[in-house]
Every structure is written in structure tokens, then in C-alpha cells.
Amino acid sequence: MSRNTKINLLLLLAVALLAVMPLVLGMGDHKEEPFTGADGEAETAITEIEPDYEPWFSPLYEPPSGEIESALFSLQAAIGAGVLAYYFGLRRGRKQGELRARERDAVGVGSAGESDGEGV
């Protein structure tokens, strides 16, 4: 097993542990909705500190349910991941193309400089 494969497996294991450990340790058991987003947590904290607080802005679109809100968030994350994957794939493809072009040029220069003894 190569060094890169070992590193990738360790990183994958670390990510899996980060995802599973809060569930195993029961980190949200004391809350009614244990895994709500940071927006909901912030709103609760602000309301506790200042009950008469009025938000400066209101949302442009308020989804009718939490499921739709989660689906839209997942769609946003998927689009972002797709854009990043496209960018990194494009960069890698260009780098590989440049390497192949350099190899072709190096081989072409060596054979073009050789003479078969004919001609002037």
C-alpha cells in the first residue's frame, strides 16, 4: 500500500469519526432539535439576551417546511461541490496536457535534430 493510499484512508477514517462521534456521544440529547443550523441557534441566543430585538432584514424566501429548507441546502452544497470538482479536474487536466506536450516536444526535438546523412 502506497503512502498516499494510507494518508487517504486515514483522512477518510477521520471524516467518518467526525460525522459519527456526535451521534454516538449523544451531544444533542438535551435539545429539542439537536442538529439545527447555526441560524436557529443564533436566533435563540439573541432572543434570550434581548427579547425585544427586531431583525434588520427578513429572508427573501422562507421555505414552507424544514424538509424543503434541508433539500435546498443540500442542493446548494451539491452545486458547490460540483463547481469545485470541475475546477480541480480542469486544473489537473491542463497540467497533464502540459506535461504530455513537453514530452512530445522533447521527443520531437531529439528526432528532428538527427540527420540521416542525405541531402546537403
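**A helical chain and its surface patches**

I would like to begin with the surface, where Leu10, Leu13, Leu17, Val20, Met21, Val24, Leu25 and Met27 together make a nonpolar patch of about 780 Å². Please keep in mind throughout that what we are looking at is a predicted model. One member of that patch, Leu25, belongs to helix α1, which covers residues 3–25, and Leu25 counts as exposed because its relative accessible area is 56%, where the cut-off for that word is over 50%.

Let me now step back to the chain as a whole. There are three helices and zero strands, so that, by the DSSP assignment, the pattern read along the sequence is α-α-α. Of the 120 residues in the chain, buried ones make up 2%. The area that the chain exposes comes to about 11,400 Å², and 62% of this is supplied by carbon and sulfur atoms.

Turning from nonpolar side chains to charged ones, we find a surface patch of negative charge in which Asp39, Glu43, Glu62 and Glu69 gather. Where does Glu62 sit in the chain? Glu62 is found in the loop that lies between α2, residues 38–49, and α3, residues 66–112. Glu62 is classed as exposed because its relative accessibility is 56%, again against a threshold of over 50%.

Finally, a word about the aromatic residues, for which a search of the whole structure finds one pair. The partners are Tyr87 and Phe88, whose ring centres are 5.3 Å apart and whose planes meet at 65°, and the pair is therefore edge-to-face, since that term applies to planes over 60 degrees apart. Are these two rings buried, partly exposed or exposed? Tyr87 has a relative accessible area of 43% and is therefore partly exposed, and Phe88, at 48% relative accessibility, also counts as partly exposed, because that class takes in whatever falls between the buried limit of under 20% and the exposed limit of over 50%.

Conventions
Residues numbered from 1 in each chain as written. Predicted model: local features only at pLDDT ≥ 70, side-chain atom pairs only at ≥ 80, totals over all residues. Heavy atoms only, no water. Patch = residues over 30% accessible without salt bridge, like charges linked within 9 Å, V, L, I, M, F, W, Y side chains within 5 Å. Areas by Shrake-Rupley, 256 points an atom, 1.4 Å probe, with all protein chains shown as cover. Salt bridge = Lys/Arg side-chain N within 4 Å of Asp/Glu carboxyl O. Helix = DSSP H or I, 4+ residues; strand = E, 2+ residues; numbered from the N terminus. Buried < 20%, exposed > 50% of the residue type's maximum accessible area, 1.4 Å probe, protein only. Lys, Arg positive; Asp, Glu negative; His and termini not counted. Charge placed at Lys NZ, Arg CZ, Asp CG, Glu CD. Phe/Tyr/Trp six-rings, centres within 6.5 Å; stacked < 30°, edge-to-face > 60°.
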